[in-house]
Amino acid sequence: MDADVPGTVLKRERTRDAVLELIESRSPGDAIPSERALCSLLGVSRPTVRAAVDELVAAGLLVREHGRGMFVAPAKITQELVAGDRSLTVPQAAGAWSSRLLEFTTVQAGARVGRKLRMSPAAEIVYVARLRLVDGAPMAIEHLHIRAELVPGLSAQELESGDLYEHLRATHGVHVHEAVQAIEPTVVTRAEAKLLDVPELSPALLFERLTSDTSGRPVEYVHSLYRGDRYRIVSRLALGPAAEVAPDREGHHPGIPPGDFAHGDAITSSTRGDIQTGA
(Lines give C-alpha, C1' and ligand atoms only; values in the text may rest on other atoms or scores of the structure.)
Protein backbone atom coordinates (compact mmCIF):
# COMPACT_ATOMS: atom_id res chain seq x y z
CA MET A 1 0.00 0.00 0.00
CA ASP A 2 1.14 3.55 -0.78
CA ALA A 3 1.70 5.18 2.63
CA ASP A 4 1.62 8.63 1.04
CA VAL A 5 -1.95 8.48 -0.24
CA PRO A 6 -3.46 11.88 0.70
CA GLY A 7 -6.58 12.10 2.83
CA THR A 8 -7.45 10.29 6.05
CA VAL A 9 -10.74 8.97 4.70
CA LEU A 10 -9.14 7.50 1.59
CA LYS A 11 -6.36 5.92 3.66
CA ARG A 12 -8.88 4.28 5.95
CA GLU A 13 -10.95 3.08 3.00
CA ARG A 14 -7.94 1.52 1.30
CA THR A 15 -6.81 0.00 4.57
CA ARG A 16 -10.29 -1.45 5.06
CA ASP A 17 -10.23 -2.90 1.53
CA ALA A 18 -6.81 -4.47 2.14
CA VAL A 19 -7.97 -6.10 5.40
CA LEU A 20 -11.16 -7.20 3.66
CA GLU A 21 -9.06 -8.95 1.02
CA LEU A 22 -7.24 -10.81 3.81
CA ILE A 23 -10.61 -11.85 5.29
CA GLU A 24 -11.97 -13.03 1.95
CA SER A 25 -8.86 -15.13 1.32
CA ARG A 26 -9.40 -17.04 4.58
CA SER A 27 -12.05 -19.29 6.09
CA PRO A 28 -14.32 -18.55 9.09
CA GLY A 29 -12.33 -18.95 12.31
CA ASP A 30 -8.94 -18.30 10.68
CA ALA A 31 -6.69 -15.71 12.33
CA ILE A 32 -5.59 -12.53 10.60
CA PRO A 33 -2.41 -10.56 11.42
CA SER A 34 -2.36 -8.36 14.51
CA GLU A 35 -2.92 -4.60 14.25
CA ARG A 36 0.82 -4.07 14.71
CA ALA A 37 1.58 -6.49 11.88
CA LEU A 38 -1.04 -4.86 9.66
CA CYS A 39 0.55 -1.43 10.24
CA SER A 40 3.86 -2.77 8.98
CA LEU A 41 2.29 -4.75 6.13
CA LEU A 42 0.11 -1.89 4.85
CA GLY A 43 2.39 1.04 5.68
CA VAL A 44 -0.19 3.01 7.67
CA SER A 45 -0.55 4.23 11.24
CA ARG A 46 -2.07 2.27 14.14
CA PRO A 47 -5.14 4.57 14.40
CA THR A 48 -5.87 4.04 10.68
CA VAL A 49 -5.67 0.26 11.04
CA ARG A 50 -7.75 0.29 14.21
CA ALA A 51 -10.49 2.41 12.59
CA ALA A 52 -10.68 0.04 9.61
CA VAL A 53 -10.69 -3.04 11.83
CA ASP A 54 -13.36 -1.53 14.11
CA GLU A 55 -15.54 -1.01 11.05
CA LEU A 56 -15.14 -4.65 9.96
CA VAL A 57 -15.85 -5.91 13.48
CA ALA A 58 -19.05 -3.82 13.59
CA ALA A 59 -20.03 -5.20 10.18
CA GLY A 60 -19.74 -8.74 11.53
CA LEU A 61 -16.81 -9.72 9.29
CA LEU A 62 -14.14 -9.89 12.02
CA VAL A 63 -14.21 -11.12 15.61
CA ARG A 64 -11.85 -9.84 18.32
CA GLU A 65 -10.99 -12.28 21.11
CA HIS A 66 -9.24 -10.74 24.10
CA GLY A 67 -5.76 -12.17 24.53
CA ARG A 68 -5.98 -14.26 21.35
CA GLY A 69 -6.24 -11.87 18.42
CA MET A 70 -8.56 -11.28 15.48
CA PHE A 71 -10.37 -13.96 13.53
CA VAL A 72 -12.58 -14.23 10.45
CA ALA A 73 -16.21 -14.20 11.59
CA PRO A 74 -18.71 -16.96 10.69
CA ALA A 75 -20.16 -16.62 7.20
CA LYS A 76 -23.33 -14.52 6.90
CA ILE A 77 -26.65 -16.09 5.98
CA THR A 78 -27.68 -14.67 2.62
CA GLN A 79 -31.30 -13.98 1.67
CA GLU A 80 -31.75 -13.31 -2.03
CA LEU A 81 -34.61 -11.25 -3.42
CA VAL A 82 -35.37 -11.96 -7.07
CA ALA A 83 -37.56 -9.79 -9.26
CA GLY A 84 -39.91 -12.03 -11.20
CA ASP A 85 -42.34 -11.23 -14.00
CA ARG A 86 -45.27 -10.35 -11.71
CA SER A 87 -43.86 -10.16 -8.19
CA LEU A 88 -40.71 -10.02 -6.13
CA THR A 89 -40.24 -13.64 -5.11
CA VAL A 90 -38.36 -14.60 -1.98
CA PRO A 91 -36.03 -17.60 -2.32
CA GLN A 92 -35.15 -19.41 0.87
CA ALA A 93 -32.19 -18.44 3.00
CA ALA A 94 -29.21 -20.76 3.35
CA GLY A 95 -28.47 -23.05 6.29
CA ALA A 96 -30.33 -25.63 8.39
CA TRP A 97 -33.15 -23.71 10.12
CA SER A 98 -34.85 -24.78 13.34
CA SER A 99 -37.11 -23.11 15.92
CA ARG A 100 -37.44 -22.77 19.69
CA LEU A 101 -40.88 -21.74 20.90
CA LEU A 102 -40.73 -18.81 23.35
CA GLU A 103 -44.45 -18.11 23.80
CA PHE A 104 -47.78 -19.39 22.45
CA THR A 105 -51.01 -17.81 23.71
CA THR A 106 -54.34 -16.23 22.78
CA VAL A 107 -54.70 -12.53 23.65
CA GLN A 108 -56.62 -9.46 22.60
CA ALA A 109 -55.24 -7.83 19.45
CA GLY A 110 -54.72 -4.39 20.98
CA ALA A 111 -54.72 -1.11 19.10
CA ARG A 112 -51.65 -1.49 16.87
CA VAL A 113 -52.09 -5.13 15.80
CA GLY A 114 -55.84 -4.54 15.50
CA ARG A 115 -55.15 -1.77 12.96
CA LYS A 116 -52.77 -4.02 11.04
CA LEU A 117 -55.28 -6.88 10.87
CA ARG A 118 -58.30 -4.54 10.45
CA MET A 119 -60.08 -5.95 13.48
CA SER A 120 -61.31 -4.69 16.84
CA PRO A 121 -58.61 -4.17 19.49
CA ALA A 122 -60.73 -6.41 21.74
CA ALA A 123 -60.84 -9.26 19.20
CA GLU A 124 -58.63 -12.26 19.89
CA ILE A 125 -55.46 -13.23 18.11
CA VAL A 126 -53.06 -16.14 18.47
CA TYR A 127 -49.67 -14.73 19.45
CA VAL A 128 -46.54 -16.78 18.83
CA ALA A 129 -42.95 -15.82 19.65
CA ARG A 130 -40.13 -18.09 18.60
CA LEU A 131 -36.38 -18.06 18.28
CA ARG A 132 -35.08 -19.09 14.85
CA LEU A 133 -31.71 -20.82 14.67
CA VAL A 134 -29.35 -21.62 11.80
CA ASP A 135 -27.10 -24.63 12.27
CA GLY A 136 -27.85 -24.30 16.00
CA ALA A 137 -26.90 -20.60 16.28
CA PRO A 138 -29.60 -18.00 17.13
CA MET A 139 -30.44 -15.90 14.08
CA ALA A 140 -33.83 -14.23 14.54
CA ILE A 141 -36.75 -13.60 16.86
CA GLU A 142 -40.14 -13.89 15.19
CA HIS A 143 -43.46 -12.55 16.51
CA LEU A 144 -46.57 -13.92 14.77
CA HIS A 145 -50.09 -12.48 15.20
CA ILE A 146 -52.87 -14.56 13.62
CA ARG A 147 -56.64 -13.99 13.68
CA ALA A 148 -57.84 -16.45 16.32
CA GLU A 149 -61.15 -16.92 14.52
CA LEU A 150 -59.27 -18.50 11.61
CA VAL A 151 -57.32 -21.05 13.65
CA PRO A 152 -59.58 -22.61 16.32
CA GLY A 153 -57.72 -25.41 18.06
CA LEU A 154 -54.36 -24.44 16.57
CA SER A 155 -51.53 -26.06 18.55
CA ALA A 156 -47.88 -25.18 18.86
CA GLN A 157 -47.01 -28.55 17.32
CA GLU A 158 -49.19 -27.80 14.29
CA LEU A 159 -47.50 -24.44 13.81
CA GLU A 160 -43.99 -25.85 14.11
CA SER A 161 -44.78 -28.68 11.68
CA GLY A 162 -45.43 -26.09 8.98
CA ASP A 163 -49.14 -26.87 8.52
CA LEU A 164 -50.63 -23.47 9.40
CA TYR A 165 -51.68 -22.43 5.91
CA GLU A 166 -52.63 -25.96 4.94
CA HIS A 167 -54.84 -25.95 8.06
CA LEU A 168 -56.44 -22.66 7.00
CA ARG A 169 -56.97 -23.90 3.46
CA ALA A 170 -58.29 -27.37 4.30
CA THR A 171 -60.32 -26.60 7.42
CA HIS A 172 -61.62 -23.08 6.88
CA GLY A 173 -61.31 -22.47 3.15
CA VAL A 174 -58.92 -19.54 3.75
CA HIS A 175 -56.56 -19.18 0.80
CA VAL A 176 -53.47 -17.02 1.37
CA HIS A 177 -52.91 -14.81 -1.65
CA GLU A 178 -50.48 -11.98 -0.97
CA ALA A 179 -47.82 -10.87 1.53
CA VAL A 180 -46.41 -7.34 1.67
CA GLN A 181 -43.06 -7.23 3.45
CA ALA A 182 -40.94 -4.25 4.53
CA ILE A 183 -37.34 -4.32 5.80
CA GLU A 184 -35.57 -1.61 7.78
CA PRO A 185 -32.48 -1.27 9.99
CA THR A 186 -32.75 -1.24 13.78
CA VAL A 187 -30.83 -2.25 16.92
CA VAL A 188 -31.54 -4.94 19.52
CA THR A 189 -32.73 -4.33 23.06
CA ARG A 190 -31.11 -5.92 26.11
CA ALA A 191 -33.67 -8.75 26.17
CA GLU A 192 -33.33 -9.37 22.42
CA ALA A 193 -29.54 -9.28 22.67
CA LYS A 194 -29.63 -12.02 25.30
CA LEU A 195 -31.75 -14.29 23.09
CA LEU A 196 -29.65 -13.62 19.99
CA ASP A 197 -26.31 -13.87 21.83
CA VAL A 198 -25.11 -10.44 20.66
CA PRO A 199 -24.21 -7.20 22.52
CA GLU A 200 -27.02 -4.81 23.41
CA LEU A 201 -27.72 -2.21 20.67
CA SER A 202 -26.15 -4.44 18.00
CA PRO A 203 -27.42 -3.74 14.46
CA ALA A 204 -30.32 -5.82 13.21
CA LEU A 205 -32.83 -6.05 10.36
CA LEU A 206 -36.52 -5.66 11.14
CA PHE A 207 -38.91 -7.55 8.83
CA GLU A 208 -42.58 -6.57 8.96
CA ARG A 209 -45.04 -8.62 6.97
CA LEU A 210 -48.80 -8.58 6.43
CA THR A 211 -50.46 -11.59 4.82
CA SER A 212 -53.90 -11.39 3.16
CA ASP A 213 -56.28 -13.94 1.66
CA THR A 214 -57.87 -13.89 -1.78
CA SER A 215 -60.63 -11.52 -0.58
CA GLY A 216 -58.03 -9.02 0.70
CA ARG A 217 -58.71 -9.81 4.37
CA PRO A 218 -55.59 -9.61 6.55
CA VAL A 219 -54.83 -13.03 7.99
CA GLU A 220 -51.54 -12.64 9.79
CA TYR A 221 -49.12 -9.92 10.87
CA VAL A 222 -45.48 -10.83 11.55
CA HIS A 223 -42.53 -8.80 12.73
CA SER A 224 -39.13 -10.44 12.95
CA LEU A 225 -35.72 -9.28 14.14
CA TYR A 226 -32.69 -10.71 12.31
CA ARG A 227 -29.07 -10.36 13.42
CA GLY A 228 -27.32 -7.68 11.39
CA ASP A 229 -23.92 -9.30 11.86
CA ARG A 230 -25.00 -12.65 10.38
CA TYR A 231 -27.75 -11.82 7.90
CA ARG A 232 -27.58 -10.00 4.59
CA ILE A 233 -30.03 -9.17 1.79
CA VAL A 234 -29.04 -9.47 -1.87
CA SER A 235 -31.18 -8.25 -4.77
CA ARG A 236 -31.10 -9.94 -8.14
CA LEU A 237 -32.80 -7.85 -10.83
CA ALA A 238 -34.22 -9.57 -13.91
CA LEU A 239 -33.35 -7.44 -16.94
CA GLY A 240 -34.87 -9.73 -19.55
CA PRO A 241 -36.89 -12.93 -20.03
CA ALA A 242 -35.38 -16.24 -18.99
CA ALA A 243 -36.38 -19.89 -19.02
CA GLU A 244 -38.75 -20.77 -16.18
CA VAL A 245 -37.31 -22.97 -13.43
CA ALA A 246 -39.48 -24.73 -10.86
CA PRO A 247 -38.80 -23.14 -7.45
CA ASP A 248 -37.30 -25.11 -4.59
CA ARG A 249 -40.00 -25.41 -1.94
CA GLU A 250 -37.66 -26.39 0.90
CA GLY A 251 -35.92 -23.88 3.15
CA HIS A 252 -36.73 -20.72 5.06
CA HIS A 253 -38.35 -17.41 4.19
CA PRO A 254 -37.64 -14.63 6.69
CA GLY A 255 -40.70 -13.99 8.82
CA ILE A 256 -42.68 -16.78 7.20
CA PRO A 257 -43.44 -20.01 9.15
CA PRO A 258 -42.33 -23.21 7.34
CA GLY A 259 -44.96 -24.45 4.93
CA ASP A 260 -46.41 -21.03 4.07
CA PHE A 261 -47.10 -20.33 0.41
CA ALA A 262 -46.59 -24.02 -0.25
CA HIS A 263 -48.99 -23.79 -3.17
CA GLY A 264 -47.09 -21.08 -5.00
CA ASP A 265 -49.04 -17.99 -3.92
CA ALA A 266 -47.38 -14.72 -4.87
CA ILE A 267 -45.22 -12.78 -2.45
CA THR A 268 -44.84 -9.04 -2.84
CA SER A 269 -41.89 -7.50 -1.01
CA SER A 270 -41.03 -3.84 -0.45
CA THR A 271 -38.17 -2.26 1.42
CA ARG A 272 -37.81 0.95 3.37
CA GLY A 273 -35.00 2.45 5.39
CA ASP A 274 -31.35 2.92 4.64
CA ILE A 275 -30.51 -0.62 3.48
CA GLN A 276 -28.10 -1.58 0.73
CA THR A 277 -29.66 -4.56 -1.02
CA GLY A 278 -27.00 -5.14 -3.59
CA ALA A 279 -24.06 -7.48 -3.06
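Visitor: In which strand is the place of serine 212?
Guide: Happy to start there. This is a predicted model, and in it serine 212 falls within residues 203-213. That stretch is strand β10.

Visitor: Is serine 212 buried or exposed?
Guide: Let's look at its surroundings. Leaving aside neighbours within four places in sequence, serine 212 is in contact with Val176, His177 and Glu178, and also with Arg217, Pro218 and Val219. Its relative accessible area is 12%. Buried means under 20%, so with 12% serine 212 counts as buried.

Visitor: In what order do the three strands of the open sheet stand?
Guide: Good one to trace on the model. β1 and β2 (62-65) are the edge strands, each pairing on one side only. Strand β3 (residues 69-72) is joined to β2 by four bridges, and the two run antiparallel. The order is therefore β1-β3-β2.

Visitor: Which residue in β3 does leucine 62 stand opposite?
Guide: β2 covers 62-65, and its partner β3 covers residues 69-72. Across from leucine 62 in β3 stands valine 72.

Visitor: Which helix lies across β2 and β3?
Guide: Look for residues 46-58. They form a helix running at about 110° to β2. This is helix α3.

Visitor: Where in the chain is confidence lowest?
Guide: The chain averages a pLDDT of 79, and 76% of the residues score at least 70. Residues 257-279 have a pLDDT below 50, though beyond near neighbours in sequence this stretch has 70 contacts in the model. Among the strands, β1 (residues 31-32) reaches a mean of 96, the highest, while the lowest mean, 37, belongs to strand β5 (residues 88-89).

Note on methods:
Residues numbered from 1 in each chain as written. Predicted model: local features only at pLDDT ≥ 70, side-chain atom pairs only at ≥ 80, totals over all residues. Heavy atoms only, no water. pLDDT = per-residue confidence, 0-100. Contact = heavy atoms within 4.5 Å. Buried < 20%, exposed > 50% of the residue type's maximum accessible area, 1.4 Å probe, protein only. Pairing = 2+ DSSP bridges. Axes fitted to C-alpha atoms, helices over the stretch in contact; angles between N-to-C directions.
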